[in-house]
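Biologist: Could you take a close look at one small part of this model with me, and then show me what surrounds it? I would like to begin with a single pairing and work outwards.

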Amino acid sequence: MSALIQLHEGETLLAGDLDYYPQAISPAHADPLFQQLLAELPWHSDRITVYGKEHTIPRLQCWLGDNGLAYTYSGKRLQTLPWHPHLLSMAQELQNLLQRPFNSVLCNRYRNGNDGMGWHADDEPELGPAPCIVSVSLGAERDFALRRKGETRQWGKLPLAHGSLVVMNSGMQSRWQHAVPKRAGIAAERINLTFRYLQPGH
Ligand SMILES: O=C(O)CCC(=O)C(=O)O
Ligand SMILES: [Fe+2]
């Protein structure tokens, strides 16, 4: 797969903390990629501990990346799984387009509107102080909700289209939180891929 990703007709939001490219991957590429990733990624259900109580997270996920990389999830140290070839070539394309390194990808699968992700910033120490994180969306459109850090009120939301791409720039995680709210009535699946750079040996 060559030149899958086209960064044109983007818009810059949040005073430069976020860039949105609604049609970064054409439907001709995005449709088969979505089906292939649904079938081929090592999706699993994860459990997290919140205030001493175990919960199953409301989505499937898997974390892929370069050999030997570790990340922290819900207080646990975990190793990335081997790259899927399409995701490795996307990471390499993004590296060329954005001139930033990406050595891993967290893949999230929202099976329907009952799956979601709560408010958070991607500010784990292994991502470094000013991470650049790229998020690619495939399948059902879901809202990417935004609020300023320190506030509980939602600032706004960005519906993330099939084939769209968001670049969260270096100031994003220190100034903003994001979430994917549950939405009753959505029956279709969505995959989101967040390409990240994990600092080796952290
Ligand atoms: O599904 C999305 O659009 C967001 C995913 C996300 O925030 C994350 O993986 O940290
Ligand atoms: Fe996130």
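In S6, which residue is the bridge partner of threonine 72?

Modeller: Happy to walk you through it. Please keep in mind that this is a predicted model. The protein averages a pLDDT of 94, and 99% of the residues score at least 70. For the complex, the predictor gives an ipTM of 0.99 and a pTM of 0.95.

Now to your residue. Threonine 72 has arginine 77 of S6 as its bridge partner. That pair belongs to an antiparallel arrangement in which strand S5 (residues 70–73) is joined to strand S6 (residues 76–79) by four bridges. Together S5 and S6 make a hairpin, with two residues between them. One residue of the turn, serine 74, has a positive phi of about 55 degrees.

Stepping outwards, there are sheets to look at. An open sheet of eight strands runs in the order S1-S2-S12-S9-S14-S7-S4-S3, with antiparallel pairing. At its edges stand strand S1 (11–13) and strand S3 (44–50); each has a single partner strand, so one side of each is left without a neighbour in the sheet. From one strand to the next, the twist of this eight-stranded sheet averages 30 degrees. Within the sheet, strand S9 (residues 133–139) pairs with strand S12 (residues 164–168) in the antiparallel sense over five bridges. There, isoleucine 133 has methionine 168 of S12 as its bridge partner.

Another open sheet has four strands in the order S8-S13-S10-S11, also paired antiparallel. Its edge strands, each pairing on one side only, are strand S8 (117–120) and strand S11 (156–160). Here the twist averages 20 degrees from one strand to the next. Four bridges hold the antiparallel pairing of strand S10 (residues 142–148) with strand S13 (residues 176–180), and arginine 148 has tryptophan 176 of S13 as its bridge partner.

S13 also leads us to the ligand. Along with strand S7 (104–110) and strand S14 (190–196), S13 supplies at least two residues of the shell around ligand 1. That shell consists of Leu106, Asn108, Met117, Asp122, Ser135, Phe144, Leu160, His178, Val180, Asn192 and Thr194. By character, five of the shell residues are nonpolar, five are polar and one is charged.

You may also like the annotation here: an unreviewed UniProt entry lists residues 101–199 as "domain: Fe2OG dioxygenase". In the model, the end C-alpha atoms of residues 101–199 lie 10 Å apart, and the span is 4% helix and 47% strand.

Finally, a stop in the loop between S13 and S14, where alanine 184 is found. Alanine 184 counts as exposed because its C-beta atom has 7 others within 10 Å, and 12 or fewer qualifies as exposed. Between alanine 184 and glycine 128 the C-alpha to C-alpha distance is 36 Å, with 56 residues of sequence separating the two.

Methods. Residues numbered from 1 in each chain as written. Chains lettered and ligands numbered in written order. Predicted model: local features only at pLDDT ≥ 70, side-chain atom pairs only at ≥ 80, totals over all residues. Pairing = 2+ DSSP bridges. Axes fitted to C-alpha atoms, helices over the stretch in contact; angles between N-to-C directions. Near = placed C-beta within 6 Å. Nonpolar A, V, L, I, M, F, W, Y, C, P; charged D, E, K, R; others polar. UniProt positions renumbered as here; feature names shortened; annotations may be inferred. pLDDT = per-residue confidence, 0-100. Buried ≥ 20, exposed ≤ 12 C-beta atoms within 10 Å, placed from the backbone.
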